[in-house]
Every structure is written in C-alpha cells, then in structure tokens.
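Colleague: Have you got a few minutes to walk me through this one? I'd like the overall picture, then some single residues.

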Amino acid sequence: MKETILNNHNKQEFPPMHSAEHILNQTMVRMFNCDRSRNNHIEKKKSKCDYILKEAPTTEQIYEIENRVNEIISKNLPITNAFVLRKKIPISVDLSRLPEDARKSVRLVYIGDYDLCACIGLHVTNTSEIGKFRIVSTNYSAGTFRIRFKLD
C-alpha cells in the first residue's frame, strides 16, 4: 500500500481548535449564506476568523452562532478524512485555497454530516474532544466581520 503524503504545512495546529474552526465556518455559511473564512489565525490560546458580510450580525445572531457551534460539538460527531481524486470531489467543496502544487489527490475532512472541507490540518476524531466554544469578541468593519474565539 502506497503512503499518501500531504503538501507541506506551515505550522503546527491545535487539533481541537482547528476542528472547531470547521464547525464555525459551516455555521456561518448556513446562517449568513457567506463563504468560509478567507482570513483566519488558529491557535491554542485564542483564534480568529474573518467573514465577508453585507452587514454586522446582531447581538442575538452572535449568541446564536455560539449556541449552534456548541450544539454541533455536543452531538459527538465523528471527524474523519478521506483522500479523493480532485476530479471526484463534490462540487460543493471549495478548492480555491489549494496551493498550485497540490497533488491530484486531496484530503477531505468530514465532521459527521455537518461539514465537508478540503484540509491538511490536524483534527480530533470526535467533536466531544473539542470542549466548549466561546466567542470572546467580535467586530465589523468595511464588510468584514471578525470573530475571536476560545475553547474552554
């Protein structure tokens, strides 16, 4: 059996935070019909994601984001991955962030039936390993909504 090699990754990630970021991204897509975060910084202590939105979410919507992410985490969903040939990847998976030298086979990460994303990062194996998601602050400027979050 031939070993699959991923493209080089530029940093070591904290798997629970990276998995939470996937859930946050899918939650934002579903709530606001926006793209996944294009600019993010995922770290163990605190992370941030930026979303392009036409208007700032309300305080109630921000609480709803946090609640929905925690609801998905509490479902104890399996987090799995599979290597798929680029030509067989579902059209719903955004490949625009792949490097030009990405191989013919792409790693897809599944969070239960909630999220599917091309990714080379480290993840936990079940959402029960993530902990509680907490939004620590947000701001909105010039069409960009930034969420800063932690895991408890």
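Modeller: Sure, starting with contacts. Take those in the protein chain between residues at least 6 apart in sequence: 66% of them join residues at least 24 apart. Contact here means heavy atoms within 4.5 Å.

Colleague: What should I know about the model itself before reading on?

Modeller: It's a predicted model, where local features need pLDDT of at least 70, side-chain atom pairs count only at pLDDT 80 or more, and totals for chains, interfaces and linings use all residues. Numbering starts from 1 along each chain as its sequence is written, and side-chain values use heavy atoms, with hydrogens and water left out.

Colleague: OK. How many helices and strands are in the protein chain?

Modeller: Two helices and seven strands. From the N terminus, the order is α-β-β-α-β-β-β-β-β. Those are DSSP runs numbered from the N terminus: H or I of at least four residues for helices, E of at least two for strands.

Colleague: And is the chain compact or extended?

Modeller: Its radius of gyration is 15 Å, close to the 15 Å that the globule rule gives for 152 residues, so the chain is as compact as a globular protein of that length. The radius is taken over C-alpha atoms, and the rule is 2.2 Å times the number of residues to the power 0.38. Along the principal axes, the C-alpha atoms fill a box of roughly 50 × 30 × 25 Å.

Colleague: How much of the protein chain counts as buried?

Modeller: 41% of the 152 residues. Buried is under 20% relative accessible area, exposed is over 50%, and partly exposed is in between, with a 1.4 Å probe and protein chains only.

Colleague: What about charges: how many positive and negative side chains?

Modeller: There are 24 positive and 18 negative ones, and the centres of the two sets lie 4 Å apart. Lys and Arg count as positive, Asp and Glu as negative, while His and the chain ends are not counted. The charge is placed at NZ of Lys, CZ of Arg, CG of Asp or CD of Glu.

Colleague: Moving inside, which residues have the most contacts in the largest nonpolar core?

Modeller: Leu24, Met28, Ile65, Phe133 and Ile147, in a core of 30 residues. At least two core residues come from each of α1 (15-32), β2 (47-52), α2 (59-74), β4 (105-111), β6 (133-141) and β7 (144-151). Helix α1 gives the most, with six residues. A nonpolar core is a set of buried Ala, Val, Leu, Ile, Met, Phe, Trp, Tyr and Cys residues joined through side-chain atoms within 4.5 Å. In soluble globular proteins, nonpolar side chains tend to be buried together.

Colleague: What does Met28 contact beyond its sequence neighbours?

Modeller: Leaving out residues within four places in sequence, Met28 is in contact with Asn33, Cys34, Tyr51, Leu53, Ile65, Phe145 and Ile147. There's also a second, separate core of six residues, including Val84, Val93, Leu108 and Ala118.

Colleague: Back to α1. Is Ile23 buried or exposed?

Modeller: Ile23, which sits in α1, is buried at 0% relative accessible area. Past four places in sequence, Ile23 touches Val69, Ile72, Ile73, Ile111, Tyr114, Thr127 and Ile130.

Colleague: And Glu21, buried or exposed?

Modeller: Buried, at 6% relative accessible area. Glu21 is in α1 as well, and beyond four places in sequence its contacts are Asn40, Ile42, Cys49 and Phe149.

Colleague: Which residues does Asn25 touch?

Modeller: Arg36, Ser37 and Tyr51, not counting residues up to four places away in sequence. Asn25 is in helix α1 and is buried, with a relative accessible area of 2%.

Colleague: Switching to β6, where Ser137 is: how far is its C-alpha from that of Phe149?

Modeller: 7.1 Å, with the two residues twelve apart along the chain. Ser137 counts as partly exposed at 26% relative accessibility, and touches Arg146, Ile147 and Arg148, leaving aside residues up to four places away.

Colleague: Last one: what is the phi of Asn33?

Modeller: It's positive, about 50°, although Asn33 is not a glycine. Asn33 lies in the loop between α1 and β1 (39-41) and is exposed, at 73% relative accessible area. Ala142 has a positive phi of about 50° too, again without being a glycine. Ala142 is in the loop between β6 and β7, exposed at 81%.
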